[in-house]
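Q: Please take a close look at the empty space in this model, both enclosed and open. I would like the linings described, and then the packed interior.

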Amino acid sequence: MLSRIMLLLVLLIMPTRSPGEDTMAGNSKSALDTRATVPPYTLNTPRKFPKIKSLAEWEARKADIRKHVAISLGLYPMPAKTAMYPKIFGRIERDGYTIEKVSIETYPGFFLAGNLYRPLNPKSHSHPGILVTHGHWEEGRMADEERGSIAARAITLSREGCTAFTYDMVGYNDTRQINHQYANTLRHWLWGISLMGLQTWISVRALDFLCTLPEVDQKKLAITGESGGGTQTMMLGAIDSRLAAVGPCVMVSHSMQGGCLCENAPGLRVDYSNMEIAASAAPLPQVMTSATGDWTKTMLTIEGPAVASIYSLYQKPEQVRYQLVDAPHNINKESREIVNKFFGKWLLGDPIESHFIEPSYKMEPLDSLRVYPLDKPLPKNALSADQLTNMLIWNSQQMLESKLPKRITTLKAFTDFYKPAWKHTLNIEVPSNGEVSAKDVTETSSNGYTTMQMNIGRKDRGDSIPAVLYSPTGQIKSDSAIVLTSSEGIIPFTANDHTGPGPLAERLLSRGHQVLLLDCFLTGSRANAAAEAARNLPFGEYFSTYNRTDMQERVQDLITAAAYLRKDKSVKKVKLIGKGKAGLWSLLAAPAFQGTAADCNNLDLTKDDSLLTQDMFVPGLRKMGDFQTAAILAADFPLYLFQYDEKFLPIPRIKKIYRFSTPYSPLSLNTITPSDTVLADWVDQT
């Protein structure tokens, strides 16, 4: 990893240059694009909590965070909740509590095991239900030592009058049909399948199970867990509105965000950290414990005040508590009591903290807690890892099929539902005019047009996109501006000597259109083999959890360019033409334009392989519906697809949808690359 970081630093002094860069791709003093010239973010990169000025601002951001978490975890749309067939057996009675073994099917053929702890003689017929998750202890939910005991938490909670369910992480104890390295390939991530997503789904179903118990008050549901279980607690707190309280322990940090595959879903923390994800549970009562001996040691000065600032916006500062324990990474007796006292107040209505001091307990022999003894086979219908993957992919395909628009009324419903999936899967933003500016601008005039060379970027985003804007100075003026993009950047759209517009740009200029050329991320004058190599980190430090992929950055650059053009009030329409592989970026960006012509590059989408290369990979793209969904989301405006065949998109379906779109938007198709004249005519006719 260190050698790759050093390689990135070299980029500051050794950028690759294309012929004619100084004349066609911005000022020679142009700022470097820090997205490619600084080391990628990792799970250990310190993060800052944003400055939030109002509750309305936070509510909008909170909604964005919660949707982003669900989409990153592959839980948008939420999978169908199938029958769980719960089995509760092996009751043991102890001093003030009972223990039972539990098995449920979270998916058909995927079994979750755990132990249910209930009050022996409950004071009420209705009491809180609490999920107890565990971290990466070797013994999993059966861990019991001074530094941490999962059983102790559950025993104490049940003695206090709660029903507590301790359940396995994937690959631990009885939930062993899939190991803890499941879903660690690009193909899994392409389909929105991740170990973290699977574990979060398990938590959703575990909460469903608690809700089936007649004694559980469904208005008093909670979850708590430490370390990796703290991560699970934050995730469920972000996506499940049924919870009444959350208790993430030794995991809410501004630095280390989670060191396991089960804590690093692709795309999850590109813009958000655990601090914001934890804060998204506000104003639910929340207790956070931390330790002097781990990455949460700054809880009292950084993470705690940051999360508490959000509770202050709700005017409910008393509903968050954060405490530091002088110990190594733990869920020890002191930490457990902090959570128990807080839950006692908010779930049991008892503010007297001395009532929640943990009494002595006795750990059961492990064999008496096991649901599936190691010497016994799992149920006959237990899926293998490959079978589970195939089922999850099939489920995604069926869900998309069920939501595809069949008439004009369902087109709007599809758009409303999948527009967020498009935005969060691609990790893009549609910036306002004020958020985009041009720097290093030089302007010249000749031959009936002006030429502006510049670098376009967004505020505080580190992007610096070399661009050339041609504007006609004659009497013919159009209200349309056209973005031209190629995988080689600006140069293919310039004259042979690279000093002026090429044939397509000239034709568009002669018809009164403004024309913007740009070098998208790591293309053209920004092309840099060293940077590409340094970013080729699909697994190292969980690269795509914390950084946008090349494709995501390029789609963003196109959307940023459109926002820049819209700063000119005379521009009413911004259209996009993409050639080569840039046609594929363009199709993904199409929902942000008022017309797109996209080179489909003869892409074969009957297989996943074509989407697994570094320049094409986007986590969750298949789950989103890939280019088909992008085309449907763009159906309000003209679309021209060329260089495609039947292996690319279900064209008959796309045609039908475009026929009933409003306003009527023509779909143009060409199996070969159209001439510049044809493309210019398409711009004028649409």
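A: **Cavities, pockets and cores**

Two cavities of 30 Å³ or more turn up in a search of the whole structure. On a 1 Å grid over the protein atoms alone, a cavity is a set of points where a 1.4 Å probe fits but cannot get out, whereas a pocket is an open set with protein on both sides within 12 Å along at least five of seven lines; a lining residue has an atom within 4 Å of a point. Grid points are joined across faces, edges and corners, and a volume is the space filled by probe spheres set on the points. This is a predicted model, in which local features need pLDDT of at least 70 and side-chain atom pairs count only at pLDDT 80 or more, while totals for chains, interfaces and linings use all residues. Residues are numbered from 1 along each chain as its sequence is written, and side-chain values use heavy atoms, with hydrogens and water left out.

The largest cavity holds about 190 Å³ of space. Its lining has 22 residues, and Ile71, Ser72, Thr425, Pro619 and Gly620 lie nearest the centre. At least two lining residues come from each of helix H4 (55-72), helix H14 (408-425) and helix H20 (621-624); H14 has the largest share, four residues. Helices (H or I, at least four residues) and strands (E, at least two) are DSSP runs, numbered from the N terminus. By class, this lining of the largest cavity has 10 nonpolar residues, 11 polar and one charged. Here Ala, Val, Leu, Ile, Met, Phe, Trp, Tyr, Cys and Pro count as nonpolar, Asp, Glu, Lys and Arg as charged, and the others, Gly among them, as polar.

The second largest cavity has about 40 Å³ of space. Among the residues that line it are Thr233, Met234, Val246, Ile277 and Gln286. Helix H8 (228-239), strand E9 (243-249) and helix H9 (274-279) each give two or more residues to this lining, with the largest share, four residues, coming from H8. The lining of the second largest cavity has seven nonpolar and four polar residues, and no charged ones.

Turning to the open spaces, the largest pocket has a volume of about 1,500 Å³. It is lined by 42 residues, of which Val270, Asp271, Asp460, Arg461 and Arg548 are the closest to its centre. H4 and H14 recur here, each supplying at least two lining residues, as do helix H3 (34-37) and helix H17 (543-546). The largest share, five residues, is from H4. Charged residues number 19 in the lining of the largest pocket, beside 16 nonpolar and seven polar.

The second largest pocket, with a volume of about 410 Å³, has 18 lining residues, and Trp191, Gln397, Arg622, Asp626 and Gln628 lie nearest its centre. Helix H13 (385-403) gives the most to this lining, with four residues. Its classes are six nonpolar, five polar and seven charged.

As for the packed interior, the largest nonpolar core has 155 residues, and Leu388, Val483, Phe627 and Phe648 have the most contacts inside it. Such a core is a set of buried Ala, Val, Leu, Ile, Met, Phe, Trp, Tyr and Cys residues joined through side-chain atoms within 4.5 Å, where buried means under 20% relative accessible area (1.4 Å probe, protein chains only). Helix H7 (residues 195-212) gives the most to this core, 11 residues.

Note on methods: Buried < 20%, exposed > 50% of the residue type's maximum accessible area, 1.4 Å probe, protein only.
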